[in-house]
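User: Could you walk me through how to read a few features of this model? I'd like to go from single residues to the place where chains meet.

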Amino acid sequence: MFEQISENKFKSGVLVFCFLVLIFLLVWLLQYLMGLGVAGFVLALVFASFTAFLSYWASDKIVLAMSRARPVTKEEYPYLHNVVEGLAIAAGIPAPRCYVIDDTAPNAFATGRNPKNSVICVTTGLLQKLNRAELEGVIGHEMSHIRNYDILLQTLTVVMVGIVALLSDWILRGVFWGGGRRRSSSRDRGGGQLALVLVAVGLVLAVLSPIVSQLIRLAVSRRREFLADASSAQLTRHPAGLASALRKLASDPEPLEAANKATAHLYIINPLKNVKGVVNKLFSTHPPIEERIAALERM
Amino acid sequence: MLFVFLIFIGLFVLFVVGLYNSLVTLRNRCDNGWAQIDVQLRRRYDLIPNLVETVKGYAKHEREVFERVTQARTQAISAGTVKEQGSAENMLQGALKSLFAVAENYPELKANQNFLMLQEELAGTESKVAYSRQFYNDSVMKFNTRIQMFPSNIIAGMFGFKERDYFEIGAGEAAAKEPVKVSFS
């Protein structure tokens, strides 16, 4: 477990650094296309550091806002609070704050940057459809994501993937609409060859970056779900609870409206409900639910 | 040669310091676990009088059950050692079970909002007690294993680290698992 924590922290650091570089390159390319010169370089640097900083400190808030989650008091949902507090004790971490999404599709996720600043978010549908043992299984799964610092890595990915997608979108548009004009003026300055190469590299980068960030996200999440299932069983000492909860969640046909492609990998099961066919299975962020249930039943 | 010797001594000291510190960490985790259990148990003792009062309002005649609960609670509060606490807790658990079994016979009581809230609070606290016990016992197991293993057992002996008791459910466990007898006197 401790190896996993340090691995997660290390990976988060590497991820932040890579994204910093990638975003710097993208912004620099963007300003190059717009021809801002030195000011653009500074802009790129400031923007890159700002996004890296933002994604560390505010990504949990961004994710919660994206999912339309609201904080709930103990008076409103004593049941949820009691379960969360109990499992926090079992995991030996401070109790996370509780958030709720008003949606009948049962699902849950955890976010935050460390166990002290963490949030567990469930849908109202989850609270209605699961019994206590099943809810404990689900919360135990989220609790182990928190304890292992999976939440840091996963939440960072949401915001960073979003920013890269946005930037590469802008650049592609910039090349198509402003590229010709730029190229002729830089040839006047005698740097035509270099400029062409840069634009080509930039184009490749702009096309590749969403794919790369997708792949990072896939690598991040799949093995972790199995691990979190196992740790949940270790916390609750009742693997059947989580297995039965997963079965209920999987058989529920409703998609979660507040979820989208950027946040889907945070949830305990895929909230988008479109995992059919070979390609989807290859690119899905979650391992098939039957495999997870089978692994729990072997315990 | 002297240089190599000094490095060797230095490494040895670092090794001993590391072992000592890990023992301290594990011991503190046990203490923290025990404090956590204590917090949850106290919360439960505070809930019980409220619960008894609420049930009394509907089921005045079940004096026997109320007395058992109150007595078990007093005993649990005054328990000193880890072992005593364990057995007192089991008695209390059994008594509470019979209290809820009695409540089953009073439909108006089961519909009472206050009673439902207390029941949820108590169930939540009970599972918190169970989880904190699990955390404490896991910590104790790690601590005791470290104390018994070589070479940390030497350090533990030198600095007086003592093995801890598990917070066990002893004889009471069997009693708590027995079907509850409900008398209709």
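User: Where is Ser132(B)?

Analyst: This is a predicted model, and in it Ser132(B) sits in helix 5 of chain B, residues 113–148.

User: Is Ser132(B) buried or exposed?

Analyst: For that you check relative accessibility against a cut-off: under 20% is buried. Ser132(B) comes out at 1%, so it counts as buried.

User: What is Ser132(B) in contact with, leaving aside its neighbours within four places in sequence?

Analyst: Within chain B, Ser132(B) touches Gly33(B), Gln36(B), Ile37(B) and Gln40(B). It also reaches across to Ile89(A).

User: Okay, that takes us to the interface. How do people put a size on one?

Analyst: The size of an interface is often given as the accessible area lost when the parts come together. Here, chain A and chain B bury about 1200 Å² between them, with 49% of it on carbon and sulfur atoms. On the chain A side, Asn82(A), Ile89(A) and Arg237(A) lose the most area to chain B, together 42% of what that side buries. In residues, 17 of chain A are in contact with 13 of chain B.

User: How many salt bridges are there between chain A and chain B?

Analyst: The count is 3. One of them pairs Glu120(B) with Arg132(A), and the closest N and O atoms there are 3.2 Å apart. There are also 8 residue pairs in polar contact between the chains, both partners being at pLDDT 80 or more.

User: Which elements give two or more residues to the side of chain A that touches chain B?

Analyst: Those are helix 4 (78–91), helix 6 (132–147) and helix 8 (192–236) of chain A. Helix 4 gives the largest share, 9 residues. By type, that side of chain A divides into 7 nonpolar, 5 polar and 5 charged residues.

User: And the backbone? What should I look out for there?

Analyst: Most residues other than glycine have a negative phi, and most peptide bonds are trans. Now the cases that go the other way. Arg237(A) has a positive phi near 55°; this residue lies in the loop between helix 8 and helix 9 of chain A, and at 46% relative accessibility it counts as partly exposed. Tyr149(A) has a positive phi too, about 65°. Tyr149(A) is in the loop between helix 6 and helix 7 of chain A and counts as buried, at 16%.

User: Which residues does a cis peptide bond join?

Analyst: Phe150(B) and Pro151(B), with omega about 0°. Pro151(B) belongs to the loop between helix 5 and helix 6 of chain B.

How values were computed: Residues are numbered from 1 along each chain as its sequence is written. Chains are lettered from A and ligands numbered from 1 in the order in which they are written. This is a predicted model: local features need pLDDT of at least 70, side-chain atom pairs count only at pLDDT 80 or more; totals for chains, interfaces and linings use all residues. Side-chain values use heavy atoms; hydrogens and water are left out. Contact means heavy atoms within 4.5 Å. Buried area is the accessible area (1.4 Å probe) that two parts lose on being put together, summed over both. A salt bridge is a side-chain nitrogen of Lys or Arg within 4 Å of a carboxyl oxygen of Asp or Glu. A polar contact is a pair of N or O atoms within 3.5 Å; within protein, one must be able to donate a hydrogen and the other to accept it, and residues adjacent in sequence count only if both atoms are side-chain atoms. Helices (H or I, at least four residues) and strands (E, at least two) are DSSP runs, numbered from the N terminus. Ala, Val, Leu, Ile, Met, Phe, Trp, Tyr, Cys and Pro count as nonpolar, Asp, Glu, Lys and Arg as charged, and the others, Gly among them, as polar. Buried means under 20% relative accessible area, exposed over 50%, partly exposed in between (1.4 Å probe, protein chains only).
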